[in-house]
Amino acid sequence: MTIVITPRTIVGQLDYDMAELRSAADEHAALLESLGPVPDRDETAVAAAVAAHHMLRRLRRQFLRRHLAVVYGTATDDLRRSLRLSALAAAVTVLYPGLLPTTEQVHADAAVAQPAKEGWEIDQGIFFQAVFADPVLGNHLLDAMRAPTDTALDLLADFRATGAITLSAARLERSGSTSTITITNTDCLNAEDNQHVADMETAVDLVLLDPETRVGVVRGGVMDHPRYRGRRVFSAGINLAHLHQGKISFLDFLLGRETGYIAKILRGHTEDAASWPAVPVTKPWVAAVDSFAIGGGAQLLMVFDRVIAATDSYVSLPAAQEGIIPGVANLRLGRSANFRLSREVILWGRKIWATEPDARSLIDTVAEPADMDLEIDRAAARLASPAVVANKHMLVVAEEPQDVFRRYLAEFALHQALRLYSPDVMAKTERFDRKAPR
């Protein structure tokens, strides 16, 4: 049976447009089912799927241009409810069928490797590009993402009582007024995956919520990986094995890390507008780099208030070589370094050793490996000064207002999703799959 895709248009009348969108999505789903699984499609089937995707995505963008405020307002009870990325997507999926991929479609893609996916992250990227591009809605969503997570709130009493929490990919310990998050994804050189992002956000929340903590520290744990066994490593960046296997979540990882725990390190928790006195809900943070900070690890350094690195460590951002966008580094590196260096590092793939003069754009203090603990303690003691919080708040307001971050995210949401399905990334994925042990 041949599935016919009916040409449709958005006219600006909500009920009519919702019916058109739902019918288009139903026809689209029926066509894809008739074409069979992505890996089994021949050239004709691939072309048919691409044409159908383009048609539906154009229709979804047209719908959002006309009705975004109503869609977001309905999902959030006219902005009275704060929904995180995944919760917002789930609510919109139910309220406006056809505007986002169904739960079943998203789950089916999550279960297969990257080349076997249909590409529903692109459709999610279209939606979140529209949301972040809107000043009111985008800031409402960013504020929702900076609220403490339920997991952290549930663990807070335990952390306050014991001063320690152990999570799957991180450990949090308080000593005096300093709380240290140790990254413990040790079998993969502290590479970031979905669990790591979730655990980091929980730990960051606890640091910000704990009244006894004045300074947060992030450091990599001691490795059991054969090449670095017994040594500390800060971060190897995104877990490329998980990326190629299709296990990296677009919402919870690629968008969630930027708007979640990284945003909280930079800006703190969302302030309660009704509270008084008005005190910034933020704290100073120290990063301690042992061995290397690659990719996502290097991105992290750009939001810390003090970065200490061992003399034998280096920083690199190989995302362009991997085929993806390095988070918000394209916004932040040029500010902390300069126009030329940001292009050398991001576009050219230059590695910067801690002892190089150019490393001063990313690193404040370089210490011998044996002196790292001492330098971390010194930095934490100095940043515990009472006036640091207010001054950090004002520095962030001046350097990267949330509106600047929001506008960047609008483009990032779409273009990172498109990159995941670009031919060069797919080629790397296929090569990785051939090399992977069976």
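**Close-up 1. Strands S4 and S5 run side by side in this predicted model.** Strand S4 covers residues 215–220 and strand S5 covers residues 285–289; the two pair in the parallel sense over four bridges. To find your place along the pair, look for Gly216, which stands opposite Trp285 in S5.

**Close-up 2. S4 and S5 belong to an open sheet of seven strands.** Follow the strands across and you will meet them in the order S1-S2-S3-S4-S5-S7-S10, with mixed pairing. Strand S1 (164–166) and strand S10 (365–367) stand at the edges; each has a single partner strand, so one side of each is left without a neighbour in the sheet. On average, neighbouring strands here are turned by 15 degrees against each other, direction ignored.

**Close-up 3. Helices H8 and H16 meet the strands of the sheet.** Helix H8 (residues 194–209) lies across S1, S2, S3, S4 and S5, and runs at about 175 degrees to S3. Helix H16 (residues 372–383) packs on the sheet too, touching S3, S4, S5, S7 and S10. The direction of H16 makes about 175 degrees with that of strand S7 (306–310).

**Close-up 4. Asp373 and Arg219 form a salt bridge.** Here the closest N and O atoms are 2.6 Å apart. Asp373 sits in helix H16 and Arg219 in strand S4, so this pair links parts of the chain 154 residues apart. Are the partners buried or exposed? Asp373 is partly exposed, with a relative accessible area of 48%, while Arg219 is buried at 8%.

**Close-up 5. Asp123 and Arg60 form a salt bridge between two helices.** Their closest N and O atoms lie 2.5 Å apart. Asp123 belongs to helix H5 (residues 120–133) and Arg60 to helix H2 (residues 43–75), so the pair ties together parts that are 63 residues apart in sequence. Asp123 is buried, with a relative accessible area of 2%, and Arg60 also counts as buried, at 2%.

**Close-up 6. Arg335 pairs with Glu400 in a salt bridge.** The closest N and O atoms are 3.1 Å apart. Arg335 lies in helix H14 (residues 329–336), and Glu400 in the loop between helix H17 (388–399) and helix H18 (402–420), so parts 65 residues apart in sequence are tied together. Arg335 counts as partly exposed at 34% relative accessibility, whereas Glu400 is buried at 2%.

**Close-up 7. Arg84, Glu201, Asp205 and Lys264 join into one network.** Salt bridges that share partners connect these residues. The structure holds 28 salt bridges.

Conventions
Residues numbered from 1 in each chain as written. Predicted model: local features only at pLDDT ≥ 70, side-chain atom pairs only at ≥ 80, totals over all residues. Heavy atoms only, no water. Pairing = 2+ DSSP bridges. Axes fitted to C-alpha atoms, helices over the stretch in contact; angles between N-to-C directions. Contact = heavy atoms within 4.5 Å. Salt bridge = Lys/Arg side-chain N within 4 Å of Asp/Glu carboxyl O. Buried < 20%, exposed > 50% of the residue type's maximum accessible area, 1.4 Å probe, protein only.
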